[in-house]
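This report introduces one structure to a reader who has not seen it before. The sequence and the structure come next, followed by notes on the disulfides and the sheet.

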Amino acid sequence: MAATAVFVLSLVLSTYGFLLDNAPSSSQSDLFNSQYTGNGETPLYWRNRAKADLDNAIKNQPIIGKAKNTIIMLGDGMSMSTVTSSRILKGQLNGKTGEETILSWETFPHIALSKTYNQDYTTPDSAGTATAFLSGVKTNKGVIGVDASIPRSHCDPSPAHNLNTILDWSLAEGKSVGIVTTARITHATPASAYAHVANRNWEGDHYTQNVNGGCKDIALQLVEENPNIQVLMGGGRRFFLPYSTPDPESGSNTHYGRRDGRDLIKEWENDKAARNMSHKYVWNSKQFHQTNFTQLDYLLGLFDSSSMAYELDRFDTHYEVAGEPSLAEMTEAAITILQKNPKGFFLLVEGGKIDLAHHGNHAVKALHETLAFNDAVAKMDSMTNDRDTLAVVTADHSHTLVLAGYPARGNDILGLIKNSAGQLELANDHKPLTSLIYGTGPGAWSGSRPDLTSVNTDDKEYVSESAIPFNPSTHAGEDVAIYAKGPMSHLFHATHEQSYIPHVLAFASCVGEYKNSCVDHMP
């Protein structure tokens, strides 16, 4: 190890010396400065920017050591085209052309690719992918927390085919664990951390009442079989309340309420009280913001009957009556609670509505959901330390969003394509088009394509055009990115199977099957 360190240091110093020796002279700099290109960026600008990146890369060294905390920040459906487009939107919202902007995770030092296919499908769904990146085992499309020997919808309540996850492994070592999502807390991604079902749709007993075999619904599994998850925040209230109980926000009974008559929220509260644990249940923004999270051991937040509101609708009383916290605020609350454990924690945070927006070809909403996710990652980054926290930002699968055409630099990412002269770019049908289009989805036209000249494509309800009619839009099967920082993050370094992800987290934090063969036991 010492010899390796000396070699690495020697390489860094020699490379840095080479850069200094070969830096452009002042006369060269003057020449570069006199040759301005579009947007005021000179050749010297690009050389200096590249050198700064190279300098950072040379100085960046892997952090070898045990991760006290592990975090997965999951952008559901956050394809590379989504990342690029959201990066541009972020810049444009701040008065820049946009392309030069970076998102909060794009400064992470280690990047890899994740192969997202399910064991039985090329283009995956969120249940099979979440099972892979949480349990370390690939499985079938549509099942949660069980191996591929279980066909979808085949009820088998025996634990023989169940898969444990990084959440389970972390709990076994005395760590605190939490789950935060803008989707339902029983939806595919969060449920894959704790549940075992043959059909992702079995979120409540509304869906299992006619299923033979005695399989428990996801909400019931969460409360009955996972009492030690300290933080749970998201939507999905309807699967926890009795069918006869009005929802506190809408005032009406929900068609999806519990047929067994059980109030799982009250049962959750009773369990914590019986164990003398400080706890709180909240369901709206006011209650959330009045909570002192430093004084809590357990928090349950169910902020909507179904999934939480889109970020663009969060303050629109037509969509959201009681108010909801942002994903960044929930992330902050979760870390505040979990970080009190001296043994560390595991946290899963999902920007769940990126995916839902894409399914409706709502590119405007999808990009703004990604920016809300960007804020959550930034909040996480500000509250943790690279020396003891391994943080991974990734997506479960891609979507068919495409950034296409030839828009000029700085062209409104949500608007019609214009060239550098400010003229609309026209397709072969002599009609304008947007930069963002979809391969599949409800935005397809059966007849001739409409003229978008007078259409406000920046409107949050605008349905982007798609090539093939498909409602809702399908996922896409290409790889997604993995961004990582913290102890052992350099182990994300190539094109990996998606099921590789939790193995790195377990190895770095010495949990699960790596408890006795982890980084602590390296020679």
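What is the handedness of the disulfide formed by Cys155 and Cys215? The torsion about their S-S bond is about 115°, so this disulfide is right-handed. The model is a predicted one.

## The disulfide of Cys155 and Cys215

The sulfur atoms of Cys155 and Cys215 lie 2.0 Å apart and form a disulfide. Its two cysteines sit in distant parts of the chain, 60 residues apart. Cys155 belongs to the loop between helix 5 (126–135) and helix 6 (166–172), while Cys215 belongs to the loop between helix 8 (205–208) and helix 9 (218–225). Both Cys155 and Cys215 are buried.

## The disulfide of Cys510 and Cys518

The structure has two disulfides. Cys510 and Cys518 form one of them, with their sulfur atoms 2.0 Å apart. Here the torsion about the S-S bond is about 85°, so this disulfide is right-handed.

Are Cys510 and Cys518 buried or exposed? Cys510 has a relative accessibility of 7% and therefore counts as buried. Cys518, with a relative accessible area of 2%, is buried. The cut-off for buried is under 20% relative accessible area.

Counting the bonded cysteines along the chain, the disulfides follow the pattern 1-2, 3-4.

## The sheet

An open sheet is formed by 10 strands, and its pairing is mixed. The strand order is 5-6-4-3-7-1-8-14-2-15. Strand 5 (279–282) and strand 15 (495–497) stand at the edges. Each of these has a single partner strand, so one side of each is left without a neighbour in the sheet. From one strand to the next, the twist averages 15°.

Strands of a sheet pair through backbone hydrogen bonds, in either the parallel or the antiparallel sense. How do strand 3 and strand 7 pair? Strand 3 (residues 176–184) and strand 7 (residues 345–351) pair in the parallel sense, over six bridges. Opposite Val349 of strand 7 stands Val180.

## A helix across the sheet

Which strands does helix 12 lie across? Helix 12 (residues 327–338) lies across strand 3, strand 4 (231–235), strand 6 (298–302) and strand 7. Relative to strand 7, helix 12 runs at about 170°.

Definitions and conventions
Residues are numbered from 1 along each chain as its sequence is written. This is a predicted model: local features need pLDDT of at least 70, side-chain atom pairs count only at pLDDT 80 or more; totals for chains, interfaces and linings use all residues. Side-chain values use heavy atoms; hydrogens and water are left out. Two strands pair if DSSP finds at least two bridges between them. Helices (H or I, at least four residues) and strands (E, at least two) are DSSP runs, numbered from the N terminus. Axes are lines fitted to C-alpha atoms, for helices over the stretch in contact, and angles run from 0 to 180 degrees between N-to-C directions. Contact means heavy atoms within 4.5 Å. A disulfide is a pair of cysteine sulfur atoms within 2.5 Å. Buried means under 20% relative accessible area, exposed over 50%, partly exposed in between (1.4 Å probe, protein chains only).
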